[in-house]
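Reader: Good morning. Could we go through this chain together, beginning with its overall character?

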Amino acid sequence: MSRIGKLPIDIPQGVTVTVNPNNTVVVKGPKGELSQDVHGDMIVKVEGTQLVVERPSEDKAHKAMHGLYRALIHNMVVGVSEGYTIKQELVGVGYRANAEGQVLELGLGYSHGIFLVLPNEVKVSVLNEKRANPIITLESCDKQLIGQVAAKIRSFRKPEPYKGKGIKFVGEVLRRKAGKSAKV
């Protein structure tokens, strides 16, 4: 049996989980509301303060979906109760960021500024301090969406291995390469 799939999901206070007849799981909480369509073969049950995902057979496809849907529903429960936060750091001379509403403006050394319109579910803030790298903070209840937005921001200028310039996650360790060595 799937080690992840067989674990029950604890539903915290203030979070409501409903399973529709067409196997759509809707999770509502203080941070927002999320829904996920579950494959028709999977069985989703709410038992008191716990949610259980079961599979009908030991078929390989059912085994694969068992852990997947349990993880997706668990991420939704954590998202609407606690939320997710991703912090990114702009490393480089003259790199800057500015957020106005849902528009993020980035200056990354190109001949033009980059304007990125973010979805309404993602809140963005930028911390600009003197003598420190700008830090972009993304907050959302949807783990998949916030990860996709963070990957899009990082794709504008990935960290390079020689000086480490680019957009990196806070706390990320980069593999560095040695530069050219002088001929003796």
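Author: Certainly. This is a predicted model, and buried residues make up 36% of the 184 residues in the chain.

Reader: How much surface does the chain expose, and what do carbon and sulfur atoms supply?

Author: The exposed area is about 11,500 Å², of which carbon and sulfur atoms supply 51%.

Reader: Which secondary structure elements are there in the chain?

Author: The chain has 2 helices and 13 strands. Its radius of gyration is 21 Å, well over the 16 Å that the globule rule gives for 184 residues, so the chain is more spread out than a compact globule.

Reader: What box do the C-alpha atoms fill?

Author: Along the principal axes, that box is roughly 70 × 45 × 25 Å.

Reader: Turning to local detail, how do strands E2 and E3 run?

Author: They run antiparallel: E2 (residues 16-19) is joined to E3 (residues 24-29) by 4 bridges. Thr16 stands opposite Lys28 in E3.

Reader: Which residue in that hairpin takes a positive phi?

Author: Asn23 does, with a value near 65°; the hairpin has 4 residues between the strands. Asn23 is found in the loop between E2 and E3.

Reader: Is Asn23 buried or exposed?

Author: Asn23 counts as buried because its relative accessible area is 12%, and the cut-off for that term is under 20%.

Reader: What does its side chain reach?

Author: The side chain of Asn23 reaches the backbone oxygen of Met42 at 2.9 Å. Leaving aside neighbours within four places in sequence, Asn23 is in contact with Gln36, Asp37, Val38, His39, Gly40 and Met42.

Notes
Residues numbered from 1 in each chain as written. Predicted model: local features only at pLDDT ≥ 70, side-chain atom pairs only at ≥ 80, totals over all residues. Heavy atoms only, no water. Pairing = 2+ DSSP bridges. Buried < 20%, exposed > 50% of the residue type's maximum accessible area, 1.4 Å probe, protein only. Polar contact = N/O pair within 3.5 Å; in protein donor to acceptor, adjacent residues only side chain to side chain. Contact = heavy atoms within 4.5 Å. Rg over C-alpha atoms; globule rule 2.2 N^0.38 Å. Areas by Shrake-Rupley, 256 points an atom, 1.4 Å probe, with all protein chains shown as cover.
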